[in-house]
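Hi,

Here is the structure I promised to pass on to you. Have it open while you read, and click on the residues as they come up.

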Amino acid sequence: MTKLNCLVVLVLFSVGISIADADQTNLASNNVVADQPTFKLGGFGTLGLSHSSQGMGDYVVDTATPKGAGLSNDWSATNNSRFAAHLNANFTPKVSALLQVDSEYHADGTYRPEIEWFSVKYAFTPNFYMRVGRIALPTFMDSENWDVGYSYTWVTPPVDLYHQLSIPSSDGIDAMYRAEIGDAVNTFKTIYGRNTLDRPNSVTTSKEMWGIFDTLEYGQATYHAGYQQRMSSTEYILTGMTGPWIQNSDVSVGANYDPGNWFVMSEWMQRRSIYLSSAMYVSAGYRINKFTPYLTHSQNSSGSFIQSSPPPSAYDLQLANRAQSTDSFGVRWDFVRNFDFKIQYDRVTLSDNSNGYLINVPANVILYGTTFHIISAVVDFVF
């Protein structure tokens with residue numbers, strides 16, 4: 001944990017305690033007996049292995065991962081293995097805080113623990129709150145709990161779309177308002193902040209980041225939409241060069257229908273930077289007692305450069321040309337309370353001008369248009 005992270009934790013906990021003290025004073029002045037502070041420790045984890053038939057590059061599910069299954073390791077645990085612990089502190093009925101420490105494979109090639117989320121929340125009403133700190137972004141339907149493998153059916157959310165989740169969190173503030181509209185429940189969120197993302201060979205800083213997100217739940221259906229915008233600049237570690245500040249924006253929509261025995265869901269997003277690109281998936285599954293077999297198709301497009309943007313660098317060209325498609329089949333088995341076992345097969349097809357999301361491909365190797373296969377198996381748990 002860095003000195004800066006420690007300082008942030010101390011400041012935010014001080015803010016939380018100060019607000020709590022003020023809240024307690026207000027309650028006492030109104031002759032109301034305040035609840036005592038409560039603390040709850042929990043956590044989650046995933047132990048997994050993946051194998052790729054493509055031996056000339058590494059298959060990774062996260063842009064920050066420096067190696068994966070394929071060229072570096074025949075079988076790799078780096079894509080799916082992680083452990084996290086979180087502490088929920090409720091100081092008063094209105095003031096609470098969340099601290100989550102996560103250990104997973106990082107860009108520096110270690111599993112060192114780091115602060116994944118930390119925030120202090122003030123609930124003005126049961127349906128309206130504000131938070132300050134490091135907060136998960138609700139970009140997609142499962143992006144706020146992307147690390148919690150137990151919370152979704154797949155081994156990992158569809159890579160072709162969720163690989164676009166280059167910014168998982170915001171250091172700043174957010175607000176949520178929930179309203180009942182007849183038989184429907186609508187949740188509106190807004191965020192403002194900044195982010196620093198470490199990759200194996202670069203560091204991307206995003207500032208002036210803001211977004212609005214809306215989720216509507218009606219019966220067994222859930223609909224999600226979001227828009228976010230930011231200014232981003234990338235420092236290239238190998239050359240020491242820093243790119244210009246570029247405005248990026250993402251728009252995303254998704255829907256899920258889950259009556260209990262089965263589900264079907266789909267999401268789509270479009271990113272506008274110096275190039276325009278999109279990604280999508282559709283997935284369906286059927287629950288048979290403790291087993292849930294499922295199918296997924298996902299794909300992302302090659303980026304088309306916008307004429308009014310600055311000339312693209314070699315790195316920009318690499319980011320834009322990552323088109324691929326994936327067909328997946330898997331089974332989830334909830335074999336005991338709070339544990340599951342999943343196994344998944346992926347058939348990945350690269351576009352005719354792309355190495356897709358493969359990394360560490362040797363400079364003289366071209367894999368355009370090829371197809372390869374991934375086998376992944378994980379055990380997820382929560383406590």
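Let's start with a residue in a strand: E208 sits in β11. One thing to keep in mind from here on is that this is a predicted model. E208 has a phi near 50°, which is a positive value in a residue other than glycine. Is E208 buried or exposed? It falls in between: E208 counts as partly exposed because its relative accessible area is 44%, and the range for that label lies between 20% and 50%.

While you are in β11, look at its partners on either side of the sequence. Strand β10 (residues 184-199) pairs with β11 (residues 202-218) in the antiparallel sense, over 15 bridges. One pair to click on is D198, whose bridge partner in β11 is V203. The two strands make a hairpin, with two residues between them.

β11 then pairs with strand β12 (residues 221-236), again antiparallel and over 15 bridges. Here you can find T205 standing opposite S233 in β12. β11 and β12 also form a hairpin with two residues between them, and G219 in that turn has a positive phi of about 60°. If you want a rule to try out by eye on these strands: in a regular strand, side chains alternate between the two faces of the sheet.

Further along the chain there is another set of paired strands. β16 and β18 run antiparallel and are joined by ten bridges; T292, for example, has R332 in β18 as its bridge partner. β18 is also joined to β19, antiparallel again, by eleven bridges. In that pairing, S328 has D346 in β19 as its bridge partner. β18 and β19 form a hairpin with two residues between them, and N338 in the turn has a positive phi of about 70°.

Those strands matter for the next bit, the cavities. How many cavities of 30 Å³ or more does the structure hold? There are five, and the largest has a volume of about 80 Å³. Its lining includes Y59, W154, T296, S298, T326, S328, Q344 and D346. β16 (291-300), β18 (324-336) and β19 (339-350) each supply at least two residues of that lining. By type, the lining residues divide into four nonpolar, six polar and one charged. You have met S328 and D346 already: they are bridge partners, and both line this cavity.

Now for the nonpolar cores. As background, nonpolar side chains tend to be buried together in soluble globular proteins. The largest nonpolar core here has 15 residues, and those with the most contacts inside it are F140, W154, L161, Y162 and Y281. The elements that give two or more residues to this core are α2 (159-162), β14 (262-272) and β15 (275-286), with β14 giving the largest share, three residues. W154 is one to click on twice, as W154 also lines the largest cavity.

L161 is a good place to see how this core is put together. Leaving aside neighbours within four places in sequence, L161 is in contact with F140, E267, W268, M269, A279, M280 and Y281. There is also a second, separate core of eleven residues, which includes V61, L350, L358 and V365.

Finally, a few loop residues. T139 lies in the loop between β8 (128-136) and α2. T139 counts as buried because its relative accessible area is 5%, under the 20% limit. Not counting neighbours within four places in sequence, T139 is in contact with L165, F213, H224, Q228 and S252. T139 and D250 are 111 residues apart in sequence, yet 8.5 Å apart in space, C-alpha to C-alpha.

Q54 is in the loop between β1 (38-52) and β2 (58-59), and at 10% relative accessibility Q54 is buried too. Beyond the residues up to four places away in sequence, Q54 touches G70, L71, L358, L367, T370 and F372. L358 there is one of the residues in the second core.

Last, N360 lies in the loop between β19 and β20 (371-382). N360 has a positive phi of about 60° although it is not a glycine, and with a relative accessible area of 39% N360 is partly exposed.

Have fun clicking through it!

Conventions
Residues numbered from 1 in each chain as written. Heavy atoms only, no water. 1 Å grid on protein atoms, 1.4 Å probe; cavity = no way out; pocket = protein on both sides within 12 Å on 5 of 7 lines; lining within 4 Å. Points joined across faces, edges and corners; volume = space filled by probe spheres on them. Helix = DSSP H or I, 4+ residues; strand = E, 2+ residues; numbered from the N terminus. Nonpolar A, V, L, I, M, F, W, Y, C, P; charged D, E, K, R; others polar. Pairing = 2+ DSSP bridges. Core = buried A, V, L, I, M, F, W, Y, C linked by side-chain atoms within 4.5 Å. Buried < 20%, exposed > 50% of the residue type's maximum accessible area, 1.4 Å probe, protein only. Contact = heavy atoms within 4.5 Å.
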